[in-house]
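Ready for some practice? Open the structure, work through each task yourself, and then check the solution below it.

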Amino acid sequence: MFPEIQRVLYTRDQIAERVRTLADEMVIDLKADLAKDGHTELDEDRVIIIPIMTGAMIFVADVVRELPMKLSLGLVAVSSYPGESVRSKGAHFATELPTNLGGKHIIVLDDILDSGQTLALVKEMIAKQNPASLRLGVMLDKQTDRTVDVHVDYVGFEIPDEFVVGYGLDYNGYYRNYPQIAVLDQSAIPKR
Ligand code: 5GP
Ligand code: MG
């Protein structure tokens, strides 16, 4: 069904286990932040999780169900890999950022950290709204030369500098529903 998968890096079970431990780290940090403000995890309107669409949707769906607290979601879409390209072409917003982030505890989640441009852009724009806290998380951290230096608080797995698909990550719009994290066969990527 997915003939262009070359090899699997992480299976469903490995992903599920890592998502749980990442979520545990987030809960510890968020509870500490809320306590500092004199709030608890049951108080409304304090925590906002921001998935960078579309790649983060599966990761975020799994993470938020492991966060036992009141939270809301605020979506943003950032585009950097249009169509068949496999190298970043510079990040730009494809949607408006939510405008209610001031004073809130924010965690921005993305599928993968590559050049760093996407998360650096989102972080910079959110910081302008003066959130109470702002943290970044990714499922995958690609071991490559960053063009932008950005600190990420939560990392699922570090991976080699290869183009991966599955678990939300696409190639040309496809493979997001592939349930494991895998390297795409080079033959599937058109030479240019
Ligand atoms: P950055 O802005 O850090 O270069 O790239 C982040 C974005 O590029 C991610 O949100 C993701 O959409 C895309 N990206 C980077 N590396 C890969 C990869 O190996 N596979 C896929 N499918 N997307 C990637
Ligand atoms: Mg993306």
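**Exercise 1.** Find how far an oxygen atom of ligand 1 is from an N or O atom in the side chain of Asp111 in this predicted model.

*Solution.* Start at the side chain of Asp111: one of its N or O atoms is 2.9 Å from an oxygen atom of ligand 1. Next, try Thr118, where a side-chain N or O atom sits 2.5 Å from a ligand 1 oxygen. Then go to Lys142, which has a polar side-chain atom 2.9 Å from an oxygen atom of ligand 1. Finally, look at the cover: on its own, ligand 1 has 510 Å² of accessible area, and the protein covers 94% of that.

**Exercise 2.** Work out which element gives the most residues to the shell around ligand 1.

*Solution.* Begin with the 17 residues around ligand 1; the nearest are Ser115, Gly116, Thr118, Val164 and Asp170. Now sort the shell by class: you get five nonpolar, six polar and six charged residues. Two elements to check are strand S6 (105-113) and helix H3 (117-127), each supplying at least two shell residues. The winner is S6, with three residues.

**Exercise 3.** Describe the second largest pocket and its lining.

*Solution.* First, the space: about 180 Å³. Next, the lining has 14 residues, and Arg12, Ile15, Asp62, Tyr167 and Pro179 are the closest to the pocket's centre. Helix H1 (12-36) and helix H2 (57-64) are the elements that each give two or more lining residues. H1 has the largest share, with five. Last, count by class: seven nonpolar, two polar and five charged residues line this pocket.

How values were computed:
Residues numbered from 1 in each chain as written. Chains lettered and ligands numbered in written order. Predicted model: local features only at pLDDT ≥ 70, side-chain atom pairs only at ≥ 80, totals over all residues. Heavy atoms only, no water. 1 Å grid on protein atoms, 1.4 Å probe; cavity = no way out; pocket = protein on both sides within 12 Å on 5 of 7 lines; lining within 4 Å. Points joined across faces, edges and corners; volume = space filled by probe spheres on them. Helix = DSSP H or I, 4+ residues; strand = E, 2+ residues; numbered from the N terminus. Nonpolar A, V, L, I, M, F, W, Y, C, P; charged D, E, K, R; others polar. Near = heavy atom within 4 Å. Polar contact = N/O pair within 3.5 Å; in protein donor to acceptor, adjacent residues only side chain to side chain. Areas by Shrake-Rupley, 256 points an atom, 1.4 Å probe, with all protein chains shown as cover.
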